[in-house]
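Student: Please give me a close look at a single part of this model, followed by how that part sits in its chain and what other strand arrangements are present. State the cut-offs behind each term as you go.

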Amino acid sequence: MSAKEIRLLSTSAILGYGFPEASLKAGMARKPDMIGVDGGSSDPGPHYLGVGKPFCSPISIRRDLRLMLHAAIEAGIPMVIGTCGGAGGEPHLNLVADMAREIAREDGLHFKMALIHAEQSPAEIKRRIAAGGIHPLAHQPELTDAVVDRSTRIVGMMGPEPFIEALDNGAQVVLAGRSSDPAPWAAMCIRAQLPPAPAWYAGKMLECGATPSIPKGHDSLFVTVREDHMECEPCNPIRRCTPLSIANHSLHENASPIHHIEPGGMLDTSDCRFDAVSDRAVRISGMKWTPAPQYTVKLEGVELAGYRAMCIAGTRDPLLIGRLDSFLASVRSEVAVKAAAFGASPDTYKLGFRVYGRDGVMAEREPVRNAVPHEVGFVIEVVGQQSQEMASAVLGVARANMLHTDFPGRLCREGNMAFPFSPSDIEVGPVYRFSVYHVADVADPREMFPIEYEMM
Amino acid sequence: MTLIRDAARVCKSKNAGPFELTIDVVFDDSSTYGKVKASGVLCPELFARLYNVPAEHVLFTPYDAALAFKATFPRLVPAGEFGDTDVYGCQQHAPLLDVDLPI
């Protein structure tokens, strides 16, 4: 392997988002040293980590995985996926690992596979708390044993080091639990002795597939990393990377555009330059890497918040729209009485009325307060602590009272709400909330991420 | 009168982790970017006013290399928590569109 240049192909932004097969082919024709894809994110919210399921369908994940495995095995290069199964816990990693095993068996593919685990045991996290090695992020409270005990699942976010170990041990397919999005890509570059700054920056571009190009779409990106710069070019000829599209993507999902905190240090992009090298490719240079004095691993955890039931409705009645707040207040107080009568006191559930057409998107931050819409949509929801059955019971009362509660001046005496569906009520199931968002000090970046190997 | 919706090439919002929201305004020529930056209209206090957060909770960074301004501040509620209206945080940019730039 040349230390002068590493060529990387990312198929899409997330495993399971899909990509044109022609883009994979075009990327493979450019002889990448590794192909990969980011498998997940915390962005779809706490549910998936809690429930242990992916946010892309297994059907779509399998389609992408099969094409990638074939491409990598035929070319004899590594295929690496971080944050498998969407959230990177054990059930998520196992889902993707089982698929890889099945595909290998069905299609007669042979390779050494590494599974890098990221789910953390509560006992181990509590030991770290006791040792003073856990610190809060984003103004969260200090982590306590009680929060760890009631958390459904906690994962650590690995950096490049476990990937480097797996690749050094000859794994051709590396499937990892929760990972920093750029880590698999940075790993491939760093183990080839390229400096960390362009390595991490390359990872930041590759983790979103063709997102740094225009027109934006779920598609593949090719990145070449060299000593002091990297170049981005989309595989699909209909897309282009431009200095503006790259600059725009450099802002993506980070608190600061110039200081990107990663597990082992900070990527400083203050002095980056974005130069077009063709009408479709951009060279990025000038990034710097500052190692952190203490290596930290981010922890993400969720806990059960209750069970949700919801219902969608709308009104076209100007007399009701004109007095919405007092109407909703009277529905709420009727629900309180009726639900308490069957055992759900108001402190055991949360009842919400989301009012689309008024402030459904921005809630208290909505600056437009005097508009009078001609129709309004409602999402009526209940999150109950006791059970799904009880949440659904409270929602049923709320739905019936939205339909029938009287209000002064009411002419629509048959009903206040238009329900688009029968059944009107939807049982959503368990609801989770983020409970852990902290970092752990580690002596060895690999110590929280055990690796297993198997031969296909 | 020059509104952000007419002068900017990008005006977008997104989560920066489950607890913070980040908003980007990007221009495509350095002269406009320079004038906007010099005007001081985009500043922590603007975001504090538009999003009802204390100015000291707004991390505001002009990014010359990308002709961009970024502001990051706490979400109203954490992503996916009861009462959250926008799990990805990608529809919170609208109040900025009508900010008048004295350029």
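**A hairpin in chain B and its surroundings**

Tutor: Strands β4(B) and β5(B) form a hairpin with four residues between them, and within that turn L67(B) has a positive phi of about 50 degrees. Strands here are DSSP runs of E with at least two residues and helices are runs of H or I with at least four, numbered from the N terminus. This is a predicted model, in which local features need pLDDT of at least 70 and side-chain atom pairs count only at pLDDT 80 or more, whereas totals for chains, interfaces and linings use all residues. Residues are numbered from 1 along each chain as its sequence is written, and chains are lettered from A and ligands numbered from 1 in the order in which they are written.

The two arms of the hairpin, β4(B) at residues 59-63 and β5(B), run antiparallel and are joined by five bridges, with L59(B) standing opposite T72(B). For two strands to count as paired, DSSP must find at least two bridges between them. β5(B) also pairs in the antiparallel sense with strand β3 (residues 20-26) of chain B, over seven bridges, and there F73(B) is the bridge partner of L21(B). Six of the seven residues of β5(B), which covers residues 68-74, are buried, so this strand is largely enclosed by the rest of the structure. A residue is called buried if 20 or more other C-beta atoms lie within 10 Å of its own, exposed if 12 or fewer do, and partly exposed in between, the C-beta atoms being placed from the backbone.

Widening the view to the chain, chain B has four helices and six strands, which follow one another along the sequence as β-α-β-β-α-α-β-β-α-β. Of its 103 residues, 41% are buried. Among contacts in chain B with a separation of 6 or more, 59% join residues 24 or more positions apart; a contact requires C-beta atoms, placed from the backbone, within 7 Å. The C-alpha trace of chain B spans about 45 × 25 × 25 Å along its principal axes. Its radius of gyration is 13 Å, which agrees with the value near 13 Å for a compact globule of 103 residues; the radius is taken over C-alpha atoms, and the globule rule is 2.2 Å times the number of residues to the power 0.38.

Chain A offers another strand arrangement, an open sheet of three strands in the order β10-β11-β14 with antiparallel pairing. Its edges are β10 (259-262) and β14 (288-291) of chain A, each with a single partner strand, so one side of each is left without a neighbour in the sheet. On average, neighbouring strands of this sheet are turned by 20 degrees against each other, direction ignored. Such angles are taken between axes fitted to C-alpha atoms, for helices over the stretch in contact, and run from 0 to 180 degrees between N-to-C directions. Four bridges join β10(A) to β11(A), residues 265-268, in the antiparallel sense, and one residue pair in that register is I261(A) with M266(A). Helix α9 (residues 196-206) of chain A packs on this sheet, touching β10, β11 and β14 of chain A, and its direction makes about 105 degrees with that of β14(A). Helix α9(A) also lies across β1 (5-10), β8, β9 and β13 (282-285) of chain A, running at about 175 degrees to β8(A).

Key
Two residues are in contact if their C-beta atoms, placed from the backbone, lie within 7 Å.
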